[in-house]
There are 2 protein chains.
Amino acid sequence: MAPSPEALDLGALVTAIEDFNTHFIRLPSVRRLSFSTLSVLHTLARRGPMRLTDLTATEQLKQPALTSLVAKLERDGLVSRRPDPRDGRAVLLTLTEEGAQIVRSRHAERVTRVARLVEHLDDDERAALAGYAAVLTRLTEIAARLDDQKLDD
Amino acid sequence: MAPSPEALDLGALVTAIEDFNTHFIRLPSVRRLSFSTLSVLHTLARRGPMRLTDLTATEQLKQPALTSLVAKLERDGLVSRRPDPRDGRAVLLTLTEEGAQIVRSRHAERVTRVARLVEHLDDDERAALAGYAAVLTRLTEIAARLDDQKLDD
DNA sequence: CACAGTTACATCGAATATTGATATAAATGC
DNA sequence: GCATTTATATCAATATTCGATGTAACTGTG
């Protein structure tokens, strides 16, 4: 059964994203930080202060692994922990300036990389690219909304 | 839609890709396979049979880690090893059908996910997305070309 | 307020992954 | 041939992750 006539080939799109990510993700891992560690820093940078348990939902780690990972991040001065004023059991995790700086520098590194690639595009391709950030952002919003709905089980 | 130079905000684009990937990458890890393991399977699926040393260039693992990872993959029946007929020291790694199946099923899972998101887009947004795959593929080609040039150091 | 149940996080021990240093075996160059 | 380089393997040390379990704080019911 052929899908609708508008030529949106999802298989090709997903393949393109997968292959692009191979080049997009693999930065020279600056400070010997693991993938899990960087993911935690990224999440805290995007969502602001969070509790440990909230992180277990977004990161693919169990709570004991997160406890020790966060302990290490605190020792290294990338994250600070303080008691949640609303709940004596909980801990609020916040990026330190140094932790935020790592996330920013990785972002900057990616911008530099992508800039080097975009130089080689022609004007049409570059113009096309200009519109995609908005659509991707929309997709991310939709994904977040669907994820939230799932939590209501 | 005037093609002005300011139209392409790389910072916003990179942020959008970073955030989208948060939802795109994190699949329910099917078979208790690590990120490194999945990356090796993906690389072998894309590039065909490779030597261990060639993999150390694309994966972010040292050679001893790859040796043991590949040994495990062979035990699990996802990769087969045979001597390189052109070089008695080397080993050629090939995906087995079962290994290829894992890569395909993860791809299919992503397609399903993205399809659920795309349902919520309007026609304009969907049309914009349709061109995205081609430009991303171009960027990936350019990145691969630049990487190859760097190897000539 | 007492108390049972739940939630948030910490701790411990076992299993697994990763790394650096180094060994072995095959290929290459002179 | 012999020295050098290359491809992979092995080993010991460290790091990561998990399951099980402990402790303290919160919640709801009566």
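Hi everyone, let's begin with chain B, where strand 1, residues 50-51, pairs with strand 3 in the antiparallel sense over two bridges. Please keep in mind that this is a predicted model. In that pairing, Met50(B) stands opposite Leu93(B) of strand 3.

Strand 3 of chain B has another partner to show you. Strand 2 of chain B, residues 79-84, pairs with strand 3, again antiparallel, over six bridges. Here Arg82(B) stands opposite Leu92(B). How many residues lie between strand 2 and strand 3 of chain B in their hairpin? There are two.

Now to the DNA. Strand C has 22 residues around it, and the closest are Thr53(A), Gln63(A), Arg81(A), Val91(A) and Gly88(B). Two of those names come back when we look at the phosphates. Arg81(A) places a polar side-chain atom 2.5 Å from a phosphate oxygen of DNA strand C, and Gly88(B) has a backbone N or O atom 2.6 Å from a phosphate oxygen of that strand. For Thr67(A), a polar side-chain atom lies 3.1 Å from a phosphate oxygen of DNA strand C. The elements that give two or more residues to this surface are helix 3, helix 4 and strand 3 of chain A, together with helix 4 and strand 3 of chain B. Which element gives the most? That is helix 4 of chain B, with five residues. By class, the surface near DNA strand C has eight nonpolar, seven polar and seven charged residues. And on the DNA side, 67% of the strand C atoms within 4 Å of the protein belong to sugar or phosphate, with the rest in bases.

Last stop, the two protein chains together. Their contact takes 58 residues from chain B and 57 residues from chain A. The area buried between them is about 5,600 Å², and carbon and sulfur atoms give 70% of that. On the chain B side, Glu18(B), Arg26(B) and Leu139(B) lose the most area to chain A, together 10% of what that side buries.

Glu18(B) also forms a salt bridge with Arg46(A), with the closest N and O atoms 2.9 Å apart. Across this interface there are eight salt bridges, and 18 residue pairs are in polar contact, both residues at pLDDT 80 or more. Helices 1, 2, 5 and 6 of chain B each supply at least two residues to the side that touches chain A. Helix 6 of chain B provides the largest share, 19 residues. By class, that side of chain B has 31 nonpolar, 16 polar and 11 charged residues.

Thanks for listening!

Methods
Residues are numbered from 1 along each chain as its sequence is written. Chains are lettered from A and ligands numbered from 1 in the order in which they are written. Side-chain values use heavy atoms; hydrogens and water are left out. A residue is near a molecule or strand if one of its heavy atoms lies within 4 Å of it. A polar contact is a pair of N or O atoms within 3.5 Å; within protein, one must be able to donate a hydrogen and the other to accept it, and residues adjacent in sequence count only if both atoms are side-chain atoms. Helices (H or I, at least four residues) and strands (E, at least two) are DSSP runs, numbered from the N terminus. Ala, Val, Leu, Ile, Met, Phe, Trp, Tyr, Cys and Pro count as nonpolar, Asp, Glu, Lys and Arg as charged, and the others, Gly among them, as polar. Two strands pair if DSSP finds at least two bridges between them. Contact means heavy atoms within 4.5 Å. Buried area is the accessible area (1.4 Å probe) that two parts lose on being put together, summed over both. A salt bridge is a side-chain nitrogen of Lys or Arg within 4 Å of a carboxyl oxygen of Asp or Glu.
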